Amino acid sequence: MPITYRKSFRIFPGVRLNINRRSWSITLGGGPGPRHTISSTGWRTTSMDLPGPFGYRSTRRRNR
């Protein structure tokens, strides 16, 4: 069984610092609006819960 580590800290209202074994990330936003996550590995993710039957949507792209 692999050993995992994940920890999330609330820095300011609407800003979180997420740390795991390999990287860290900053998450901005949340609540009823979109969430933007920037990772130390170069990934940028935008996600949002949509109303009704549309559910959850997320887009990811790699910065180069």
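**Exercise 1. Find the side-chain partners of threonine 27 and asparagine 18.**

Step 1. The side chain of threonine 27 forms a polar contact of 3.4 Å with the side chain of threonine 37. A polar contact is a pair of N or O atoms within 3.5 Å; within protein, one must be able to donate a hydrogen and the other to accept it, and residues adjacent in sequence count only if both atoms are side-chain atoms.

Step 2. This is a predicted model, in which local features need pLDDT of at least 70 and side-chain atom pairs count only at pLDDT 80 or more, while totals for chains, interfaces and linings use all residues. Residues are numbered from 1 along each chain as its sequence is written, and side-chain values use heavy atoms, with hydrogens and water left out.

Step 3. Threonine 27 also makes a side-chain polar contact with asparagine 18, at 2.9 Å. Asparagine 18 in turn is joined to serine 8 by a side-chain polar contact of 2.9 Å.

Step 4. Place the two residues in the chain: asparagine 18 lies in strand β2, and threonine 27 in strand β3. Strands (E, at least two residues) and helices (H or I, at least four residues) are DSSP runs, numbered from the N terminus.

**Exercise 2. Decide whether asparagine 18, threonine 27, arginine 22 and serine 47 are buried or exposed.**

Step 1. Apply the cut-offs: buried means under 20% relative accessible area, exposed over 50%, and partly exposed in between (1.4 Å probe, protein chains only).

Step 2. Asparagine 18 is buried because its relative accessible area is 13%. Threonine 27, with 10%, is buried as well.

Step 3. Serine 47 has 5% relative accessibility, so serine 47 is buried. Arginine 22 has 74% and therefore counts as exposed.

Step 4. For the whole protein, buried residues make up 14% of the 64 residues.

**Exercise 3. Which residues does serine 47 touch, leaving out those up to four places away in sequence?**

Step 1. Serine 47 is in strand β5.

Step 2. Contact means heavy atoms within 4.5 Å. By that rule serine 47 touches Pro34, Arg35, Tyr56, Arg57 and Ser58.

Step 3. Histidine 36 is 11 residues from serine 47 along the chain, and their C-alpha atoms are separated by 6.7 Å.

Step 4. Among contacts in the protein between residues at least 6 apart in sequence, 0% join residues at least 24 apart. The elements run β-β-β-β-β-β from the N terminus on, which gives 0 helices and 6 strands.

**Exercise 4. Describe the largest pocket and its lining.**

Step 1. Start from the idea behind the method. Rolling a probe the size of a water molecule over the atoms shows where empty space is left. On a 1 Å grid over the protein atoms alone, a pocket is an open set of points where a 1.4 Å probe fits, with protein on both sides within 12 Å along at least five of seven lines; lining residues have an atom within 4 Å of a point.

Step 2. The largest pocket holds about 200 Å³ of space. Its lining has 13 residues, with Asn20, Ser23, Ser25, Thr37 and Ser39 nearest the centre.

Step 3. Strands β2, β3, β4 and β5 each give at least two residues to this lining. The largest share, 3 residues, comes from β2.

Step 4. Sort the lining by class: 3 nonpolar, 8 polar and 2 charged residues. Ala, Val, Leu, Ile, Met, Phe, Trp, Tyr, Cys and Pro count as nonpolar, Asp, Glu, Lys and Arg as charged, and the others, Gly among them, as polar.

Definitions and conventions: Grid points are joined across faces, edges and corners, and a volume is the space filled by probe spheres set on the points.
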